[in-house]
Amino acid sequence: MLDIKFIRENSDIVKNACKLKNVALDIDQLLALDKEVSSLKTEEQNLLTQKNGITAKIPKASADERPALIAESKALDEKVKALKPRAEKAEEELKTLMYLTPQIPSPKAPIGKDDNDNVEVKKAGVLPKFDFTPLDHVQILEKNNWADFERIAKVSGSRSYSLKNEMVLVELAMHRLAMDKLMQKGFTVVSVPAFAREEALYGTGHFPNGRDQAYYIPEQNIYLAGTAEVQINSLHAGEILKEAELPILYAGYSPCFRSEAGSYGRDVRGLIRVHQFMKVEQFIYCKNDPAESEKWHKILLETSEEIVQDLELPYRVVECCTGDMGAGKVRMFDVEAWVPSEQKYRETHSCSALHDWQSRRTQTRYRDNDNKVQYVHTLNNTAIATPRILVPFLENHQQADGSVKIPAKLQPYLMGMTVIGKKN
Ligand SMILES: Nc1ncnc2c1ncn2[C@@H]1O[C@H](COS(=O)(=O)NC(=O)[C@@H](N)CO)[C@@H](O)[C@H]1O
């Protein structure tokens with residue numbers, strides 16, 4: 001959400017942001033509603049002032065003056081009451097449009113329509129050369145009895161999977177590697193429930209537009225969040241923190257649930273795009289300062305690169321263009337790991353800076369050292385998300401017999417194993 005004062009004084013900048021982010025929103029209509037809300041409030045205030053003036057006269061008025069004064073006071077009450085539904089309707093409509101108003105993208109962000117216009121900013125690692133015909137991740141899993149798809153689909157439906165044997169240990173090992181790294185960097189590791197109330201999904205900006213991505217449990221009127229960003233972003237909703245408490249660094253561990261509505265037919269095979277996955281989420285609250293946000297954004301990105309390097313995966317970093325980054329972002333980078341069977345890089349991490357666009361939605365503020373109350377800035381990035389990252393992991397580290405080499409940094413989390421899978 002933006003500051004309404006900013007929209008009033010910079011409507012052209014906001015209109016341009018809507019264009020850059022493919023957000024179909026009528027800012028003139030928003031400003032007209034804003035004016036209507038203000039004028040209704042002023043009208044109500046004037047009526048109340050008039051009424052108070054009249055009421056104040058009643059005690060001193062003579063017996064024959066009093067009935068007229070009481071009648072006039074009642075008539076003013078009726079006028080105030082008549083305004084209420086109009087004011088509430090205008091406020092509701094204004095709030096809806098405020099929730100849809102995109103953040104202003106950084107001038108450093110590439111301008112573009114969709115992920116085809118993202119810009120590669122870094123490439124690292126050596127693409128694997130196989131002296132055998134490499135398998136894709138599903139074939140490697142099946143050859144080693146490391147996953148089941150067919151049976152579990154009968155039980156759990158589409159886009160489901162069951163990891164087996166060493167693959168379950170590899171998944172846990174990756175999460176532990178990520179959590180240990182984040183703890184060493186001062187992050188507070190927290191596990192959070194997948195459950196989240198509607199306000200929390202509005203808080204990150206997943207709602208209103210992404211409502212169809214979330215599973216809803218009507219009896220509890222609660223949702224299954226698609227990322228721990230949702231829960232963590234609302235952990236301090238409504239609070240006024242102290243500047244000395246910032247930055248707050250969270251590593252949120254949770255199951256993530258996504259309907260993947262709109263992804264029909266995409267990545268239907270294997271582990272890339274599933275309904276339930278596990279993620280360690282990096283989330284930072286920092287003070288309201290673009291330079292501070294830029295510093296933490298860089299650190300978040302470097303941390304996810306370190307994890308991908310620890311897994312010895314060839315990868316690249318792309319800066320997301322304005323049309324791909326999403327409504328709330330100032331700037332966003334994706335880390336993409338190389339998938340040999342597709343001969344292309346696939347997104348494994350997504351690193352965003354949002355300034356105060358989310359904290360205005362959750363009313364998360366802090367009292368700065370000059371005693372001024374400000375909105376915090378928020379940032380988030382994936383630390384590790386499985387099972388998707390198992391895809392580049394298995395394919396890049398596969399050997400001719402179908403076994404898979406374990407990178408040195410992961411071995412301590414796997415009882416020192418250096419290779420897993422097929423021998424004979
Ligand atoms: N349907 C899915 N199946 C498997 N993995 C997924 C799915 N959706 C997202 N992911 C993984 O989760 C990562 C983060 O998802 S994201 O929507 O891009 N970004 C976020 O959720 C942010 N909170 C940063 O983590 C993705 O990069 C990807 O690795």
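Trainee: Where is the place of Glu312 in this chain?
Mentor: Keep in mind that we're looking at a predicted model. Glu312 has a phi of about 55°, positive even though it is not a glycine, and its relative accessible area of 42% makes it partly exposed. As for its place, helix H10 (290-310) comes on one side and strand E11 (315-319) on the other, so Glu312 sits in the loop between H10 and E11.

Trainee: And His355, is that one buried or exposed?
Mentor: His355 also has a positive phi, near 50°, in a residue other than glycine. Most residues other than glycine have a negative phi. His355 is part of strand E13. The cut-off for buried is under 20% relative accessible area, and His355 has 18%, so it counts as buried.

Trainee: What kind of peptide bond joins Leu246 and Pro247?
Mentor: Pro247 is in the loop between strand E8 (240-242) and strand E9 (248-257). Most peptide bonds are trans. Here, though, omega is about 0°, and the bond from Leu246 to Pro247 is cis.

Trainee: Where would I look for Pro387?
Mentor: Pro387 is joined to Thr386 by a cis peptide bond, with omega about 20°. Follow the chain from strand E16 towards helix H12 (390-396), and you'll find Pro387 in the loop between E16 and H12.

Trainee: Which residues come nearest to the ligand?
Mentor: There are 19 residues around the ligand. By type, that shell divides into four nonpolar, seven polar and eight charged residues. The ones that come nearest are Glu229, Glu260, Glu281, Glu347 and Thr382.

Trainee: How far is a polar side-chain atom of Glu229 from a nitrogen atom of the ligand?
Mentor: Let's go through a few of these pairs. For Asn380, an N or O atom in the side chain is 3.4 Å from a ligand nitrogen. For Thr227, a polar side-chain atom lies 3.0 Å from a nitrogen of the ligand. For Glu229, that distance is 2.8 Å.

Trainee: How much of the ligand's accessible area does the protein cover?
Mentor: On its own, the ligand has 570 Å² of accessible area. Strand E10 (276-286), strand E13 (344-355) and strand E16 (377-386) each give two or more residues to the shell around it. The share of the ligand's area that the protein covers is 91%.

Trainee: Which side chain makes a polar contact with the side chain of Glu281?
Mentor: Glu281 is in strand E10. With 2% relative accessibility, Glu281 counts as buried. Its side chain has a polar contact at 2.8 Å, and the partner is Lys279.

Trainee: Why is Cys18 not in a disulfide?
Mentor: Cys18 is buried, at 3% relative accessibility. A disulfide needs two cysteine sulfurs within 2.5 Å. The closest cysteine sulfur to that of Cys18 is in Cys321, and it is too far for a bond, at 16 Å.

Trainee: How far away is the nearest cysteine sulfur to Cys321?
Mentor: Cys321 is buried too, with a relative accessible area of 0%. The count for this model is zero disulfides, and Cys321 is in none. Its nearest cysteine sulfur belongs to Cys320, at 7.3 Å.

Trainee: What separates the centres of domain 1 and domain 2?
Mentor: The domain assignment gives domain 1 as 26-100 and domain 2 as 115-420. The C-alpha atoms of the chain fill a box of roughly 110 × 45 × 40 Å along the principal axes. Taken over C-alpha atoms, the two domain centres are separated by 50 Å.

How values were computed
Residues are numbered from 1 along each chain as its sequence is written. This is a predicted model: local features need pLDDT of at least 70, side-chain atom pairs count only at pLDDT 80 or more; totals for chains, interfaces and linings use all residues. Side-chain values use heavy atoms; hydrogens and water are left out. A residue is near a molecule or strand if one of its heavy atoms lies within 4 Å of it. A polar contact is a pair of N or O atoms within 3.5 Å; within protein, one must be able to donate a hydrogen and the other to accept it, and residues adjacent in sequence count only if both atoms are side-chain atoms. Accessible areas come from the Shrake-Rupley method with a 1.4 Å probe; for residues, only the protein chains shown count as cover. Helices (H or I, at least four residues) and strands (E, at least two) are DSSP runs, numbered from the N terminus. Ala, Val, Leu, Ile, Met, Phe, Trp, Tyr, Cys and Pro count as nonpolar, Asp, Glu, Lys and Arg as charged, and the others, Gly among them, as polar. Buried means under 20% relative accessible area, exposed over 50%, partly exposed in between (1.4 Å probe, protein chains only). Domain bounds come from an automatic or database domain assignment.
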